[in-house]
Each structure stands twice: as C-alpha cells, then as structure tokens.
Amino acid sequence: MLSRLTRGQIFAFVFLGLVALAYASVVYVKLPQKLGVGRYYVSVDLPNTSDLYESAAVTVRGRQIGEVKRLELTDTGVRATLDVDEAARIPVDSVAQIRSVSAIGEQYLNFVPASDGGAVLQPGDVVPVDKVKLPVPEVDVLKNVDNLVSSIPAADLNTTVDEFSTGFANTGESLGRLIDATADLTKTAQDNLPAF
C-alpha cells in the first residue's frame, strides 16, 4: 500500500502534468482556434493559386491573423477560404496580395488596406478577384533579367566595372560608417512603428 506522502506526490505530478498539457494545447498547439473558437471565415477569389497552399499564413500589413483553410476550384479560378482571428479587422477596401515568405517560394496572403478605419470584412464575405494582386511569375522575372543582361554590351560593362572600382577606391571605411548608420536608422524606425 502506498503511503500518504507517495499518493500526494503522484497526485501533484498528475495534476501538474495535466496543467502543462492544457497550457501547451492552448498556447502552442492553439487547440481552441483549431476547433473554431474565436474564429470566422472569409473567402478570396483568385484567378489561379499562384502556389498558395492550404495552411498558408494570412496577414494584415504583415501581422499574422489566420491561415488558408481550404482551396476550391471555381468556374473562373480558385476560391481560398480563410480562417481568421475574430479580433482581426480587415478593411473592405484592402488589396489581397500573394507574397513569398522565402526564396524557395513559400507563399502567404497579405491584406494591405487602402485606408485606416471604415467598413471591415464580415464572416462569409468574399473578396473579389479585382482586389487581388498576384506575384510576378518567376519565368517572367528570369526572362526580363536575361533580356537586361543581354542588352548590355560586354565592352561597356567592363568600362562600368572599372569606373566603379576607381570611384569607390579607398572608401571602405566611409562606406562601413554609412552602412552602420543606416542599420541604426532602420532599428530606430522599427522601434517607433505604430501598433496596428
């Protein structure tokens, strides 16, 4: 038979384990949100997916507010259903942009409001395709870079490189100070951004 102290320790261990599990479920797994608590759905009509995928992030001005729940084919393109935080305010005049998170092409959907205030999207609303901005296809970017590089005569490019070398000779220290000052300015600007 277990002693009273041992039973108390087991009870305390089980209780703390359950509290830790509940905390992890709420904070890290976000179980209430996954079950739909404090969430609502809006949709965005897209001409194509532009590599957007289910569970991709949804942001307003870069602040995450939800995720893409579902992508469905329609007669005119694709409809993305978004699972959005109930507290998020997405102005009706927002432009929905498909953006890349990284160089490997991980996409997310970002709302950029045209103005502050005004009417906001309500549960069940649909953002029309004319308020969607898709990224430039990589093929077009590569083609334009190739056309640019091909349009520069090699002899003139050598002259340009030589002139840059002459123009920036012995300016390493000054350029370093300029870069450091720019980094300080950027940090100060980020620290003083208004909260949305």
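Here is a short walk through this structure, from the whole chain down to one strand. Keep in mind that you are looking at a predicted model.

Let's start with the parts list. The protein chain has 5 helices and 8 strands. Follow the chain from the N terminus and you meet two helices, then the run of strands, and then three more helices, in the order α-α-β-β-β-β-β-β-β-β-α-α-α.

Now step back and take in the overall outline. Along its principal axes, the C-alpha trace spans about 90 × 55 × 35 Å. The radius of gyration is 26 Å, whereas a compact globule of 196 residues would come in near 16 Å. Buried residues make up 21% of the 196 residues. As for the surface, the chain exposes about 14100 Å², and carbon and sulfur atoms supply 61% of that. There are charges to look at too: 17 positive and 24 negative ones, with mean positions 14 Å apart.

How does the chain touch itself? Among contacts with a separation of 6 or more, 61% are between residues 24 or more positions apart.

Strand 1, residues 39-46, is a good place to zoom in. Of its 8 residues, 7 are buried, so this strand is largely enclosed by the rest of the structure. Strand 1 also has partners. It runs antiparallel to strand 4 (residues 78-85), and 8 bridges join the two. Look for Tyr41 in this pairing: it stands opposite Asp83 in strand 4. Strand 7 (residues 126-127) runs parallel to strand 1 and is joined to it by 2 bridges. Here, Val44 stands opposite Val127 of strand 7.

Note on methods
Residues are numbered from 1 along each chain as its sequence is written. This is a predicted model: local features need pLDDT of at least 70, side-chain atom pairs count only at pLDDT 80 or more; totals for chains, interfaces and linings use all residues. Side-chain values use heavy atoms; hydrogens and water are left out. Helices (H or I, at least four residues) and strands (E, at least two) are DSSP runs, numbered from the N terminus. The radius of gyration is taken over C-alpha atoms; the globule rule is 2.2 Å times the number of residues to the power 0.38. Buried means under 20% relative accessible area, exposed over 50%, partly exposed in between (1.4 Å probe, protein chains only). Contact means heavy atoms within 4.5 Å. Accessible areas come from the Shrake-Rupley method with a 1.4 Å probe; for residues, only the protein chains shown count as cover. Lys and Arg count as positive and Asp and Glu as negative; His and the chain ends are not counted. The place of a charge is taken as NZ of Lys, CZ of Arg, CG of Asp or CD of Glu. Two strands pair if DSSP finds at least two bridges between them.
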